[in-house]
Amino acid sequence: MAATASSRTTRLGDPDAFNAFYDAALPRVYGYFLARCGNDAAVAEDLTQETFLAAVRAIKAKEAIDSPLPWLFGIARHKLLDHYRRQARGRATLLPWRDEVIEALAAPEFDPAAETDRARVIDALDRLPEHQRAAVVLRHLDGLAVPEVAAALGKSVHAAESLLARGRANLKKRLSETDHG
Amino acid sequence: MADREDFDDLLGGLDQPAVPRADFAETLRARLLAELARPASTGDEPIMQTSPIPTGTPPRSFNPPRRPHWLMTAFEIAAALVLLVGFWQVADRFFGSPDLGPGGDQANQPAVTLPAPTLQPAITAPSPAASPTAVVASAMAGGDPGRTGQQFGPAPSGRLQAHLVETGNTESKYGTFASVALGDTLYRVAPIAIGGNADGGSRAENHLEARDITTGALKWSVTFDLAGNPAVGSPAVAGGRVFVFAPQPGTSKWSLEAYDAGNGHLLWEAPLPAWGLGLTGTASPVVLNGVVYAAGPNGVAVALDAKTGAQVWQSTAFQTSDIIMEQSEPGIALQRIGQFAVADGRLYLFNAHGDLGALNLNDGSLTWSFNYAERYGPVTSLQLVAVDQQVIVAAHAVDAPSNATMTTRLDAFAGATGDREWTTPLHAGFDGVSSMAIAADKVVVALSVDLLGTPVADANNIEAYNLNDGSAAWSWRWPNGGDQRSRPIIAVVGANVYFTGRAGVVSIDAETGNGAVVSDPISFTAQNIQFTVSNSTPVIADGVIVLDLGATSGQLAILSSSGAATPIATP
């Protein structure tokens, strides 16, 4: 019986089963990274490759995987956070970012429900400072609770809440400033 | 409006499956299946045999180039099967068919399916490069393609007088990086705070400027559209063109842009491969014989036609996704990543794993590599210069996280083979070697002697070692233990080494090590604070020395001969 990506327990060490899993999971993993990395296909490919390679190494160690797709997304999330951290360090050496002054009160009224341009939202998300972006992605795209966001980022709950508040304010500001096509 | 729920709706809808490129998907599939089929090993296969420390004996064997381990495995399997089939054929011929189970002959054996190897994309070899040691009129960070620090000069003589020139713009708090000069023109990248806020916001535009090197007068200026990210590094100038890295707005990727050196018109721009990490302030393209080279922190390198920007080759042979260099001191480590040098038909570069690699300049293939991280531990600083069939590397490693143990050393490798020819420890502070240059057949190193606020005891600020055997040639230090926080950036004209310190500009004769301070201290006032210049990168051409005081000052210091008698000698 061919395994599917949503099988509860799947023996992914079998090549046929793995192929089926790969076919089902690849577009979702790739899409996951595209939305979180500014639609950068090259970055998404790199992270997708890293995710699947890490998954295969784990499969070889433990062939039967419970809930393989959520498991794979857990790996993907780790790779994403590593990527954000690398970006943060790379930019930090050039330009020690100061936290932006959040002028939320000065920004025009922004209605998220009215935003329909997905690419514009992804672009605005990608422009957030890395720590804020990571927090917003984990909370609002990955659906983690705030304590889980804090744990993933290695920060206190209070610090994570602060990052989320600033990230949302920044995102609102950026979407308000950009011209609507 | 419930803010959080609205953002859940706004962002939660971003997730959509997406179909990647077909060739990427199938290449990855093949690689994954091969990895799945590979027997579990005890650990990662070694990348490269490293050369042990030489003991004065002749060079050791050539290190084979690295290949993806799964490819090696596929070929090994194929080779083993060929041998096995050959054995059975011989056995069958001379001894009869062995009993192979039911049916009893080889025809009933299941076919062996090998995982399909995925080949590297074909690399198109460009026309052979001209002699890499040919003198070319070019200027880039580190002086020349080999980053030897050599500049065209001529340098002013005698006592120097500094003349401060306003650059006419309000600059951000983030200074310029290494400017370069060719002929009578200074080329620099100057970050400008958006909105003219001298205190600097978190966003900056960048101007690429050309200025008269003796007067500082602006010749032309081009604004990058960076949308919040500063440009980095130093321009490279050759063949009437100025080449510079520019971030692609809203992405983590970079482009290489070429401008007409005469008028600043954009000639072409070419996207660069993903570098994996941000580029650093000292990253600069290298231009040699009509080809412009770039290399990133992940070890990916490209060669582009300098006239058109067309890709000549792209090499992933030295690519790594590992980042070892950032583990201990990211601010220092990443300052050094992205440096590379071109000499003798090879491109020498580091990657973020802490490896040194040599790529063939014709096609980007990997000739050899040396693993610093495995040998020394987490390296925080790697620099190199390349000259005359050698590549000299200064490495600084810190034992993280305690920072209790530091190792700084200088290694010389044979350019063709990667054999280490000599090695010598250096006595340096926390930041290791701040810069290197070649002068008078010596490698001259500028050392950071700061040990978290306390100078390293008995440390020198500048040291020189003979290229042929690494023996110490001479050393120089600031008198009275001064300037212990200095991290000089040295420039060379002929056999004279120049750098700046708080006492002024220093000139050292590289033949003898005799040095002197040849100018008064250079200072300026900004925001009611007096600053004294130190560690600024000297640019030397057309009879002047130019120091870019970009950070906070918004000025250039142009030093020319004052005609005074002998400079004040230091003890």
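Is E45(A) buried or exposed?

## E45(A) in helix α2

In this predicted model, E45(A) is buried, because its relative accessible area is 10% and the cut-off for buried is under 20%. The residue belongs to helix α2 of chain A, which covers residues 41-61. Leaving aside residues up to four places away in sequence, E45(A) is in contact with Y30(A), R21(B) and F24(B).

## Helices α5 and α6 of chain A

Two packed helices are described by the angle between their axes and the distance between the axes. For helix α5 (residues 130-141) and helix α6 (residues 146-153) of chain A, the axes come within 9 Å and cross at roughly 140°. Angles over 145 degrees would count as roughly antiparallel, so α5(A) and α6(A) are oblique to each other. The crossing of α5(A) and α6(A) is right-handed.

On the α5(A) side the contact is made by A134(A), A135(A), L138(A) and R139(A), and on the α6(A) side by V146(A), V149(A), A152(A) and L153(A). By class, seven of these residues are nonpolar, none is polar and one is charged.

## The β15-β16 hairpin of chain B

In a regular strand the side chains alternate between the two faces of the sheet. In strand β15 of chain B (residues 340-343), F340(B) and V342(B) point one way, while A341(B) and A343(B) point the other way. All four are buried.

Strand β15(B) runs antiparallel to strand β16 of chain B (residues 346-350), and four bridges join them. A341(B) lies opposite Y348(B) of β16(B). Two residues separate the strands of this hairpin, and D344(B) has a positive phi near 55°.

Key: Residues numbered from 1 in each chain as written. Chains lettered and ligands numbered in written order. Predicted model: local features only at pLDDT ≥ 70, side-chain atom pairs only at ≥ 80, totals over all residues. Heavy atoms only, no water. Axes fitted to C-alpha atoms, helices over the stretch in contact; angles between N-to-C directions. Parallel < 35°, antiparallel > 145°, perpendicular 65-115°, else oblique. Left-handed = near helix turned anticlockwise from the far one by under 90°. Contact = heavy atoms within 4.5 Å. Nonpolar A, V, L, I, M, F, W, Y, C, P; charged D, E, K, R; others polar. Buried < 20%, exposed > 50% of the residue type's maximum accessible area, 1.4 Å probe, protein only. Pairing = 2+ DSSP bridges.
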